[in-house]
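Let's walk through a protein fold together, one piece at a time. Keep the picture open beside you as you read.

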Amino acid sequence: ISEVSPSLNYEFDSLQSAGVDLVMSDDGLFRIYSWDTWQGGTMHDFTVAYQYKYKDKVYGMLAVDTAMPESERYLPFYSQIFTLKTERATYYLAIYNGIYSTKDASQGVRAFTIKNGRLIDANIFMTKRLRSTINCYFDFFRVLDRPERPLKLIKYDGKTKTLYIPIVHEDGQVTSKFITYRFNGKYFERVKG
């Protein structure tokens, strides 16, 4: 992590024109830059950088996927950030997108928080255990008729602190139904029903 100039609020029109995706949190304290390296063939490899403010300093760092063996590491691109403020912390729910081939794709949500000046993963999604990500894999050809780009399959309602993850059939078809997770004050838990 290194301290950088206070460029957190710059528009960077030239970067966006060059294909860099910039997404900013609602509170203006966290930004993600991601861009396609064009080195992956039909699988798109991305480079990702994080920028955030803690107290009076702005920091930046490149993302590294250390959870996987080096030969299997993959970084997606980010398309949205939702901000969840609680009494304990501020969480950033970042929507990410993977492109693994012309048809194989994914969308997920990754939770971050800033603690003692460090950007860290926040384990606030209760599936079988607490984790920092939830995702779904789908067939891109099954969502071609959707008008938005990037896709907005995962939805978040900030008023009710509810996250909606689409249900996907085994054949990759995204349905109109969702698995619902609601924040209970400590973490997101699945809503039964």
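**From the core outwards**

In this predicted model, the largest nonpolar core is made of 18 residues, and those with the most contacts inside it are L93, V109, I124, F125, L163 and F188. Which strands help to build this core? At least two residues each come from β6 (77-85), β7, β8, β14 and β15. The largest share, three residues, belongs to β7. As a background idea, nonpolar side chains in soluble globular proteins tend to be buried together.

Now pick out F125 and look around it. Leaving aside residues up to four places away in sequence, F125 touches L93, V109, A111, L130, R131, S132, T133, I134, L163 and F188. There is also a second, separate core, which has 17 residues, including I32, A63, L75 and I81.

Next, let's follow the strands, beginning with β13 and β14. Strand β13 covers residues 155-157 and strand β14 covers residues 162-168; the two run antiparallel and are joined by three bridges. To find one matching position, look for D157, which stands opposite T162 in β14. Together β13 and β14 form a hairpin, with four residues between them. In that turn, K161 has a positive phi of about 55°.

Strand β14 has another partner to meet. Six bridges join β14 to strand β15, residues 174-183, and this pair runs antiparallel. Where in β15 does I165 find its bridge partner? The residue to look for is I179. The hairpin of β14 and β15 has five residues between the strands, and here G172 takes a positive phi near 90°. You have met these strands before: β14 and β15 each supply at least two residues of the largest nonpolar core. A useful rule while you trace them is that side chains in a regular strand alternate between the two faces of the sheet.

Finally, turn to an open space in the model. The second largest pocket holds about 410 Å³ of space. Its lining is made of 24 residues, and H44, F46, F77, I99 and P150 lie nearest the centre of the pocket. Which strands each give at least two residues to this lining? They are β3 (30-36), β7 (90-99) and β8 (104-115), with β8 providing the largest share, four residues. What kinds of residue line this pocket? By class, eleven are nonpolar, nine are polar and four are charged.

Conventions. Residues are numbered from 1 along each chain as its sequence is written. This is a predicted model: local features need pLDDT of at least 70, side-chain atom pairs count only at pLDDT 80 or more; totals for chains, interfaces and linings use all residues. Side-chain values use heavy atoms; hydrogens and water are left out. Two strands pair if DSSP finds at least two bridges between them. On a 1 Å grid over the protein atoms alone, a cavity is a set of points where a 1.4 Å probe fits but cannot get out, and a pocket is an open set with protein on both sides within 12 Å along at least five of seven lines; lining residues have an atom within 4 Å of a point. Grid points are joined across faces, edges and corners, and a volume is the space filled by probe spheres set on the points. Ala, Val, Leu, Ile, Met, Phe, Trp, Tyr, Cys and Pro count as nonpolar, Asp, Glu, Lys and Arg as charged, and the others, Gly among them, as polar. A nonpolar core is a set of buried Ala, Val, Leu, Ile, Met, Phe, Trp, Tyr and Cys residues joined through side-chain atoms within 4.5 Å. Buried means under 20% relative accessible area, exposed over 50%, partly exposed in between (1.4 Å probe, protein chains only). Contact means heavy atoms within 4.5 Å.
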